[in-house]
Amino acid sequence: LLKDFPDELRADIAMHLNKELLQLPLFESASRGCLRSLSLIIKTSFCAPAEFLIRQGDALQAIYFVCSGSMEVLKDNTVLAILGESVKRFIIRWRTL
């Protein structure tokens with residue numbers, strides 16, 4: 001949808017849509033230009049209960065932020081950890097370039 005807009009306008013919209021995520025302490029030392037670039041590659045995805053995001057041995061293609069609900073870390077069907085919310089509303093998928 002945003003592909004037809006000028007780059008500056010796309011970046012402004014992306015910054016607004018991802019404002020909550022970009023305000024995490026992880027990004028506090030990032031410059032505005034860096035945040036604008038990051039905002040353009042952040043992808044939102046929703047996961048259903050019992051859906052696997054990553055399996056052991058998979059090559060990582062993204063960084064996931066749990067923004068609503070929780071997720072379990074499993075090994076041999078044993079729960080090793082339960083990860084909770086770090087932001088509100090979405091699970092953010094940050095794709096690598």
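## Where two helices meet

Which residues in α1 meet Arg32, Leu35, Arg36, Ser39 and Leu40 in α3? In this predicted model, the α1 side of the contact is made up of Glu8, Arg10, Ala11, Asp12, Ala14 and Met15. Sorted by character, the residues of the contact of α1 with α3 come to 5 nonpolar, 1 polar and 5 charged.

The geometry is easy to picture. Helix α1 covers residues 7-17, and its axis lies 8 Å from that of α3, at an angle of about 85°. An angle from 65 to 115 degrees counts as roughly perpendicular, so α1 is roughly perpendicular to α3.

## The chain as a whole

If you walk along the sequence, you meet the elements in the pattern α-α-α-β-β-β-β-β, which gives 3 helices and 5 strands. The chain has 97 residues, and 22% of them are buried.

What share of the contacts between residues at least 6 apart in sequence joins residues at least 24 apart? The share is 53%.

## Cysteines

For anyone thinking about thiols, the search of the whole structure finds 0 disulfides. Cys34 has a relative accessibility of 35%, so this residue counts as partly exposed. Cys47 is also partly exposed, because its relative accessibility is 28%, and partly exposed covers the range between 20% and 50%.

## A pair of glycines

Gly69 sits in the loop between β2 (62-65) and β3 (71-75). With a relative accessible area of 38%, Gly69 is partly exposed.

How far apart in space are Gly69 and Gly84, C-alpha to C-alpha? They are separated by 15 residues in sequence, and the distance between their C-alpha atoms is 6.2 Å.

## How far to trust the model

Taken over the chain, the mean pLDDT is 81, with 86% of the residues at 70 or more. Confidence varies from element to element: helix α3 (residues 32-41) has the highest mean pLDDT, 93, while strand β5 (residues 91-95) has the lowest, 47. The α1 contact described above therefore involves, in α3, the element with the highest mean pLDDT.

Residues 87-97 call for some care. Over this stretch pLDDT stays under 50, although the model has 55 contacts for it beyond four places in sequence. Where pLDDT is low, predicted coordinates should not be read in detail. Please keep that in mind when you look at strand β5, whose mean pLDDT is 47.

Terms used. Residues numbered from 1 in each chain as written. Predicted model: local features only at pLDDT ≥ 70, side-chain atom pairs only at ≥ 80, totals over all residues. Heavy atoms only, no water. Disulfide = S-S within 2.5 Å. Buried < 20%, exposed > 50% of the residue type's maximum accessible area, 1.4 Å probe, protein only. pLDDT = per-residue confidence, 0-100. Helix = DSSP H or I, 4+ residues; strand = E, 2+ residues; numbered from the N terminus. Contact = heavy atoms within 4.5 Å. Axes fitted to C-alpha atoms, helices over the stretch in contact; angles between N-to-C directions. Parallel < 35°, antiparallel > 145°, perpendicular 65-115°, else oblique. Nonpolar A, V, L, I, M, F, W, Y, C, P; charged D, E, K, R; others polar.
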